[in-house]
Amino acid sequence: MNQTASALRILPEIILTIAGIAVMLVDAMLGKASSRKPLGWLAVLGALAALAASLWQYQLPAGTAYFGVVQTDAFSVFFHVLIAGIVLASLLITLDAVTDTTEGLGELFALILFGAVGMMLMTSAVELLLVFIALEISSISTYIMAGYRRKTAKSPESALKYFLLGSFATAFFLYGIALVFGATGTTRIDDIAAVLAKSVGAGQAPALLFVGLAMIFIGLGFKVSAAPFHVWTPDVYEGAPSPVVALMSTAPKVAAFAVLLRIVYGAFPLLHAHWVPVLWWLAVLSMTIGNLGALRQRNVKRLLAYSSIAHAGYLLVAFTALSADGIAAASFYAVSYAAMNVGIFAVISHAGGYDDRLTLIEDYRGLAYRSPLLGGAMAFFLISLIGIPFTGGFFGKFYVFAAALHSGLIWLTIIGLANSGIAAFYYLRVATAVYSRPAESSPVHTVPRPSLALLFALFLTAVTTLWLGIVPGNVLARAQTAAQTYPSVNAAAAASPVAQQ
Amino acid sequence: MLNDSILTLITFVPTAGAVVVALLPRKGRVIPAFTLLVTLVTFVLSLHLPAHFDYARHGFQFEVNLPWIAHPAIRYHLGIDGLSLWLVLLTTFLGPVGVLVSWRAIETRTKEFYFFFLLQQTAMIGVFISLDLFLYYGFWELSLVPMAILIAMFGRERGPRAALKFFVYTFLPSAFLLVAILWLYAKTGTFEFVQLQSLIASGGFAPEALWWASLGFLVAFAVKVPVFPLHGWLANVIEEAPIAMAMVVAGKLGLYSIFRFNLGLFPEQARAIAPLMIALAVIGLLYGALVALAQTDMRRLVAFAILSNLSFCTLGIFCFAVGGLNGAVYQTINEGLTGSALLVMISFLYERYGSFDMTRYGGVAAKLPMLATLWVVTTLALVGLPLFNGFVGEFLVLSGSFPVHPSWVAAATTGVILSVAYMLWMAQRIFYGQPSPLVANRVPFDLGAREHLTLWPMVLLMAAMGVASPYWIKGIESGVMQFPAITRSAGVTGDRQSAAEAVRTPAPSQTADAVAGGAR
């Protein structure tokens, strides 16, 4: 493989890096008093270019680059496009929420872009060490962004908590990689599978391997905020600025899910009898703890944090299906979750502003009266999160549970769908508040006029959500092609029936 | 060809209308007028269906069957048979009525109201005509959302609570419906109603699993009807919802679905659970009637009257006799019609006197003779006076199901008597006697042109459905006869009842003729 082709395989990452550096350089050159907002538009341009490059990557033949550590295939390109889209929408939301006086604006835009580089690299890395490096790139930028509202009490606390727990989790992940290396002698994902094929075929899998895999699960479980590794989520979401939450509740999670998919289906498909029950329990716990936790929340961002834990659970359901449909369902769900979650945080960050003027559910009372557009958008995204048909949220859930049921996971399906019934409660509480008349005594929260950037972001997310619900065929086909990257799945599933719970 | 696209048109003209409503200016009565136009166009389009319906043919007509999503195999498959034909017509007919009754009641935020109103039309029509289970489920769930939003935004003071209750009550069991649908898909690889029907009929399913699946369907539908112990949301919703929504919230969607899916897909299981459902229906019938007697709020009274009437339909369905089934469908339409008319008139009363409390009324007849007349006519139609639609439905249900379950049906007959009691008592308390202070102190005008326009079509239809019932019955019966549960029953059991049925079976329209004759 020649060098030009190698660069093309990481083209979106390169573009984002260049854009990030450009933002920082221009930031340094601008005068102290001048507005930093144009930097945001520069970053948006970079994200657009990265999105275009990601879409273009569909034309590349599948293959590896840089000594086989980076792989572009239908799977990684699928997630490249998704992450580029999320970053684009998040940048627009950030542009809308911040003011000229917001501290460190230039760095914020640069951090978003650099973080995105790490997330994208995570999805295309096929060497565990590169996965780790990419994970760190993405994590460090999100740690910083979580603490961006320095003047408040909550934000630094949230950042510190996130940083401490997060570095523990990455340490676990790294230790897991080391143990897997000890057991198999390699850190390349396809080599691990090949080594396993020999040793498991011979009827032996070293105990070291299981410990390593468990460590990897802990690390990634933290990153996707699956229960019981979820405790940081509500605090961090509450403290971080809303536009940043739009990004960090979606893009890093999506990337971590992609990594998890690649590891379990790419490296350890033969051990599925061992990891499927683990993921089964993680899914059940995440769904149940997420939904029950959300029921008790009065703070909207904390509520959405618990909801995101529950959604991580739904996504894990697809993992346990152990079929190409399951992988496709997980990928599709990631897209629809991202669209509706970024969308709802777009509304929150505009209505509440960068410094969170609206926090409790009651504060959202009458939003639809003050601004029909924002109220309608919020209700729409909530409806999608509930999983009402003809929205992306429904089709995603439908496909996930169809895949699970197809693999005979009837109890998981029942638990999951009962959970989505519970979820309707708390989403509806927010929706009802948005559409209730504000109390006479309550202070009037004025909603500023939506800026062009916000309209752009809302349009992008709402249309995607609706599109995924009504004509999901195109995205679905791409997700299914992406799932074909793991040919061993169906063979493994056929060889021995799924562990029934 | 219009025949190929008519169902798509009927379903999505309201949606297109809703999009236009969202773009119209909030000025004067532009939005309601436009919505009225849309609903009228939909109604006129839907008249194409009975005009070109082939009563002799079995199976679905006006079908559209296009691939929608390749994998999982989901198709855009619409079609109607005799069962859904009149329910679609009822829905489109109640569209303009709903707009007219909201004309004055909804003054603020008309854009939101009519947007969701039209979306609700689409969802309801979609439920009746979808033949792909995925599509069906989509419309089924979709029908909850505009309804809940409208109740929350435009209901009375406790609207948001009622909306939440309604949504949770109906959404939770839908989860199990979805599990059942997904399970069927996992086993068969298809969402097609007709294919599933033949696959299930040909066996190959574990009976126990089928049993659970049928329960998943039944519970979701029974809540929506509602059937007796699951009726907790009904009174709140009818009390709090805007009239246009209270008119359509209960009954037809759930009853139709029980018919189509529980009897259509799971005939054995439906038969097995019939005794329980009959008992619940009769209890609900009597319970509703008794509770209605104790109400002083008109809308609560109507809510329990509706519960009672709907239990009647459930009774008819689970007796598995052709007459009873015809009657159940007929009674579903009746309930939609008379219940709506009653709610519309209550809303007109409210617009004049500002109260739903019956005890504050009295002697209204002297002031509003026209309204009083139409009210009494509707009351009589509801309690089943011959010459009106209610009689035909009740007669068919009772006569059809009496031979099968004499004791339960005898108990149900008491409910009919009770319905006379609460309905006439309500009319007496509101319209007759000495004028109450509330009534005496106001000088309202009698029905205006808009109100005449709202009520007369309904009242005339009640009379028409009373005297010319065969016209409707022939369509319904052509739909009922194709259900596996019915055709099997004539052959399997050889006792007195099914012999009586067997006589009736070859000449389907006899029952209808007999009733019509009786009515004349």
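## A hairpin in chain B

In this predicted model, a hairpin of 4 residues joins E1(B) to E2(B). Strand E1 of chain B covers residues 61-69 and strand E2 of chain B covers residues 74-80, and the two run antiparallel, with 6 bridges between them. At one point along this pairing, B:Ile69 stands opposite B:Ile74, the latter belonging to E2(B). As a general matter, side chains in a regular strand alternate between the two faces of the sheet.

## The side of chain B that touches chain A

Where the two chains meet, 26 residues of chain B are in contact with 24 residues of chain A. On the chain B side, the elements that give two or more residues are helix H5 (133-142), helix H6 (144-154) and helix H7 (159-188), and the largest share, 14 residues, comes from H7(B). By residue class, this side of chain B divides into 23 nonpolar residues, 2 polar and 1 charged.

## B:Met153 in helix H6

One residue of helix H6 of chain B, B:Met153, can be described in further detail. B:Met153 counts as buried because 23 other C-beta atoms lie within 10 Å, where the cut-off for that class is 20 or more.

Once its neighbours within four places in sequence are left aside, B:Met153 is in contact with A:Tyr435 and with B:Glu112, so that its contacts include a residue of each chain. As for B:Val30, which lies 123 residues from B:Met153 along the chain, the C-alpha atoms of these two residues are separated by 21 Å.

Technical notes. Residues are numbered from 1 along each chain as its sequence is written. Chains are lettered from A and ligands numbered from 1 in the order in which they are written. This is a predicted model: local features need pLDDT of at least 70, side-chain atom pairs count only at pLDDT 80 or more; totals for chains, interfaces and linings use all residues. Two residues are in contact if their C-beta atoms, placed from the backbone, lie within 7 Å. Ala, Val, Leu, Ile, Met, Phe, Trp, Tyr, Cys and Pro count as nonpolar, Asp, Glu, Lys and Arg as charged, and the others, Gly among them, as polar. Two strands pair if DSSP finds at least two bridges between them. A residue is buried if 20 or more other C-beta atoms lie within 10 Å of its own, exposed if 12 or fewer, and partly exposed in between; C-beta atoms are placed from the backbone.
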